[in-house]
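Trainee: I have a model open on my screen and I'd like to learn how to read it. Could you walk me through a few features?

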Amino acid sequence: MQSVRTLFASSALALMLASPAMAQSSLAGMITGNDLDRIQEIAGAYGTIERRQDEDGRWLRGEMDGIVYTISFLNCNDAGQNCTSVQFRAWWESNGAHSMEAMNQWNRDRRFSAAYLDSRDNATIEWDVNLAGGVSAVNFDDSIQWWQAVVRQFREMVIDPGYDAAGIGSSSGSSGGSTGK
């Protein structure tokens, strides 16, 4: 009987550790495009995140698993409020290591996210989240978990193999440059 209790306790601990957002932020209530603080708080459970502002408006710069990414607030009114969506984005300086064929293959095989070579031929991946009418905080947290899984896979399946084939070596993280709104 003792081993069953030990197994149960170990399993419970593993579940608590597997859900970082649950332990660090409240997932009660709704999230809208006006909830910059809540979005920053929930995303902060997965890594560092900081607020930024430029001529295009407010945005967040985060890092998880060594990957730098941005969260841009989109479809906002003229005052930069009442945004109905956010866009997660990460990009890597390709230096010719990544092809349009690799981006197209990623897009054909994946339901969530869009990958492309940007105007400077940098490998880029985006993930849009609709916030129109608000979404539950649990739903938004789940979207961040999906983003984390997608961007990890993109790095493992597209970025690192592209660098390896070009003899550049593996990526140490994304460049995470401008928001490109």
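Mentor: Let's go through the sheet, one of its strands, and then a pocket. Keep in mind that this is a predicted model.

Trainee: Okay, the sheet. In what order do the six strands sit, and is the pairing parallel or antiparallel?

Mentor: The general idea is that strands of a sheet pair through backbone hydrogen bonds, either parallel or antiparallel. Here the six strands make an open sheet, ordered 2-3-4-5-7-6, with antiparallel pairing. At the edges you'll find strand 2 (48-54) and strand 6 (114-117), each pairing on one side only. Ignoring direction, neighbouring strands are turned by 25° against each other on average.

Trainee: Let me zoom in on strand 5. How many bridges join strand 5 to strand 7, and how many join strand 4 to strand 5?

Mentor: Strand 5 and strand 7 (residues 123-130) share eight bridges, in the antiparallel sense. Strand 4 (residues 67-74) also runs antiparallel to strand 5, with five bridges between them. To follow the register, click on a few pairs. Ser 85 faces Asn 130 of strand 7, Trp 91 sits opposite Thr 124 in that strand, and Phe 73 has Val 86 in strand 5 as its bridge partner.

Trainee: Which residues of strand 5 lie on each side, and are they buried or exposed?

Mentor: Both faces are covered. One side carries Ser 85, Gln 87, Arg 89 and Trp 91, the other Val 86, Phe 88, Ala 90 and Trp 92, and all of them are buried. That's eight of eight residues for strand 5.

Trainee: An arginine in that list caught my eye. Why does Arg 89 count as buried?

Mentor: The cut-off for buried is under 20% relative accessible area. Arg 89 has 9% relative accessibility, so it counts as buried. Now look at what its side chain touches: a polar contact of 2.5 Å links the side chains of Arg 89 and Glu 126.

Trainee: Now the pocket. How much space lies in the second largest pocket, and which element gives the largest share of its lining?

Mentor: Rolling a probe the size of a water molecule over the atoms shows where empty space is left. The second largest pocket holds about 150 Å³. Two elements, helix 4 (100-109) and helix 5 (137-165), each give two or more residues to its lining. Helix 4 has the largest share, with four residues.

Trainee: And what classes of residue line that second largest pocket?

Mentor: Five are nonpolar, four polar and two charged. Among the lining residues are Trp 106, Asp 109, Arg 110 and Met 157.

Technical notes:
Residues are numbered from 1 along each chain as its sequence is written. This is a predicted model: local features need pLDDT of at least 70, side-chain atom pairs count only at pLDDT 80 or more; totals for chains, interfaces and linings use all residues. Side-chain values use heavy atoms; hydrogens and water are left out. Buried means under 20% relative accessible area, exposed over 50%, partly exposed in between (1.4 Å probe, protein chains only). A polar contact is a pair of N or O atoms within 3.5 Å; within protein, one must be able to donate a hydrogen and the other to accept it, and residues adjacent in sequence count only if both atoms are side-chain atoms. On a 1 Å grid over the protein atoms alone, a cavity is a set of points where a 1.4 Å probe fits but cannot get out, and a pocket is an open set with protein on both sides within 12 Å along at least five of seven lines; lining residues have an atom within 4 Å of a point. Grid points are joined across faces, edges and corners, and a volume is the space filled by probe spheres set on the points. Ala, Val, Leu, Ile, Met, Phe, Trp, Tyr, Cys and Pro count as nonpolar, Asp, Glu, Lys and Arg as charged, and the others, Gly among them, as polar. Two strands pair if DSSP finds at least two bridges between them. Axes are lines fitted to C-alpha atoms, for helices over the stretch in contact, and angles run from 0 to 180 degrees between N-to-C directions.
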